[in-house]
Amino acid sequence: MASKKEQNGPDKRQFSTRLLHFGAEIDEATGASSVPIYQASTFHHHSLDNPPEFDYTRSGNPTRQALEDYIALLEGGARGFSFSSGMAAISTTFMLLSAGDHIICTEDVYGGTYRLLTSILPRMNIETTFVDMTDLEQVKAALKPNTKAVFLETPSNPTLKITDIGAVCEWAKSHDLLTMLDNTFMTPYHQRPIEHGVDIVLHSATKFLGGHSDLLAGLAVVANDSLGQRLKQLQNGMGTVLGVYDSWLLMRGMKTLQARMEASERSARKLAEWLVQEPGIEQVYYPGLLNHPGREIHEKQSLGYGAVVSFDVGSGERARQVLDKVTIPLVAVSLGAVESILSYPAMMSHAAMPREVRLERGIGDGLLRYSVGLEHIDDIISDLKQALR
Ligand SMILES: *Cc1c(COP(=O)(O)O)cnc(C)c1O
């Protein structure tokens with residue numbers, strides 16, 4: 001069979017084909033139909049003069065290696081890395097910086113990243129300025145002599161604000177800044193940031209990549225080999241690696257990424273369109289809606305709109321009523337699974353944010369975030385309809 005390595009020149013195959021035929025899908029030794037789980041912490045040295053390729057699982061393991069090559073192929077990067085969670089991927093990557101460095105970060109960054117940047121990294125004397133990254137002028141104005149990195153997230157959570165990836169990266173490059181982008185909401189099926197100039201793509205693979213709410217994992221993909229060597233040293237040195245079994249389980253989930261994303265996105269579009277005409281819904285946030293701010297920029301850099309729809313039902317009381325009455329979605333933190341998940345940012349992901357700051361960012365008491373799963377869309381809508389009445 002023709003693996004990626006045997007091909008000459010750029011990989012011209014479609015994304016869905018690459019998802020299934022990623023190079024390690026057939027075990028070379030036995031022909032087994034899935035990557036073997038090398039549940040071993042260490043590897044025997046048959047000869048001291050000729051050490052084995054893998055010698056200790058923190059430093060390298062064939063099952064984890066298959067996953068890391070897989071995500072690098074999907075994102076179009078030089079090298080991939082897997083971590084015990086999305087936050088382990090993000091925090092390990094920030095260790096590329098040193099004491100005295102400064103980061104420019106999008107203001108509506110994921111809550112865990114916000115906590116890392118505001119309460120942990122400052123103790124290492126790494127400081128961050130948060131800006132509205134939809135406005136390039138604000139990004140430029142935040143530059144300091146010690147700025148070393150820019151952290152992007154687009155569409156952002158939960159109001160799905162759009163940042164122009166290419167414009168931010170072009171400016172960042174002209175100032176020798178490292179660019180990192182959290183691609184959790186889009187996945188490489190919808191958005192491949194390295195093609196737009198990003199240096200490091202990050203994922204909470206706990207969400208769409210894993211896809212089944214049964215796994216915690218993080219991934220990073222770097223655009224070039226020198227960054228790859230530096231991140232490899234950090235992953236090994238900090239020991240934030242993903243376990244062997246979870247590496248296998250994540251690959252199992254990733255094979256159906258396109259089928260899941262396509263179906264969920266189709267339903268998310270219908271849900272957003274239904275919500276727009278539903279009385280009593282004050283605001284609907286979905287990049288696929290014609291009037292969504294930044295829609296044109298999103299369409300320039302992405303191949304789809306994703307499966308997350310946020311909407312404001314007007315008040316905290318009404319939001320609680322909906323959360324009480326829905327019968328289809330899991331009412332929970334998290335997103336990106338086969339089952340729908342309904343979150344209440346004000347009391348879940350953004351509970352730690354002061355109310356005024358939260359309201360300023362458009363995260364009102366009535367805002368709900370629906371991650372659309374694989375249930376039939378007619379059932380999703382009629383369930384929400386009865387919960388709203
Ligand atoms: C969930 C999430 C994370 C953190 O990932 P964990 O796997 O929970 O550590 C980071 N970024 C985004 C956008 C997320 O949704």
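How many disulfides does the structure hold?

## Cysteines without a partner

Zero disulfides turn up here, and keep in mind that this is a predicted model. Take Cys-105: it is in no disulfide, and the nearest cysteine sulfur belongs to Cys-169, 14 Å away. Looking from the other end, Cys-169 is in no disulfide either, with the sulfur of Cys-105 as its nearest at 14 Å. A disulfide needs the two sulfur atoms within 2.5 Å, so a pair 14 Å apart doesn't count as one.

Are these two cysteines buried or exposed? Cys-105 has a relative accessible area of 0%, so it is buried. Cys-169 comes out at 2% relative accessibility, and therefore counts as buried too.

## Two helices that cross

Now over to a pair of helices. Two packed helices are described by the angle between their axes and the distance between the axes. Helix 12 covers residues 316-325 and helix 14 covers residues 377-388; their axes come within 8 Å and cross at roughly 130°. Because of that angle, helix 12 is oblique to helix 14. The crossing of helix 12 and helix 14 is right-handed.

## Who touches whom

Which residues make the contact? On the helix 12 side, look for Arg-318, Gln-321, Val-322 and Lys-325. On the helix 14 side, find Asp-383, Leu-384, Gln-386, Ala-387 and Leu-388.

What kinds of residues are they? The contact of helix 12 with helix 14 is a mix: four nonpolar, two polar and three charged.

Conventions
Residues are numbered from 1 along each chain as its sequence is written. This is a predicted model: local features need pLDDT of at least 70, side-chain atom pairs count only at pLDDT 80 or more; totals for chains, interfaces and linings use all residues. Side-chain values use heavy atoms; hydrogens and water are left out. Buried means under 20% relative accessible area, exposed over 50%, partly exposed in between (1.4 Å probe, protein chains only). Axes are lines fitted to C-alpha atoms, for helices over the stretch in contact, and angles run from 0 to 180 degrees between N-to-C directions. Helices (H or I, at least four residues) and strands (E, at least two) are DSSP runs, numbered from the N terminus. Angles under 35 degrees count as roughly parallel, over 145 as roughly antiparallel, 65 to 115 as roughly perpendicular and the rest as oblique. A crossing is left-handed if the near helix is turned anticlockwise from the far one by less than a right angle, and right-handed if clockwise. Contact means heavy atoms within 4.5 Å. Ala, Val, Leu, Ile, Met, Phe, Trp, Tyr, Cys and Pro count as nonpolar, Asp, Glu, Lys and Arg as charged, and the others, Gly among them, as polar.
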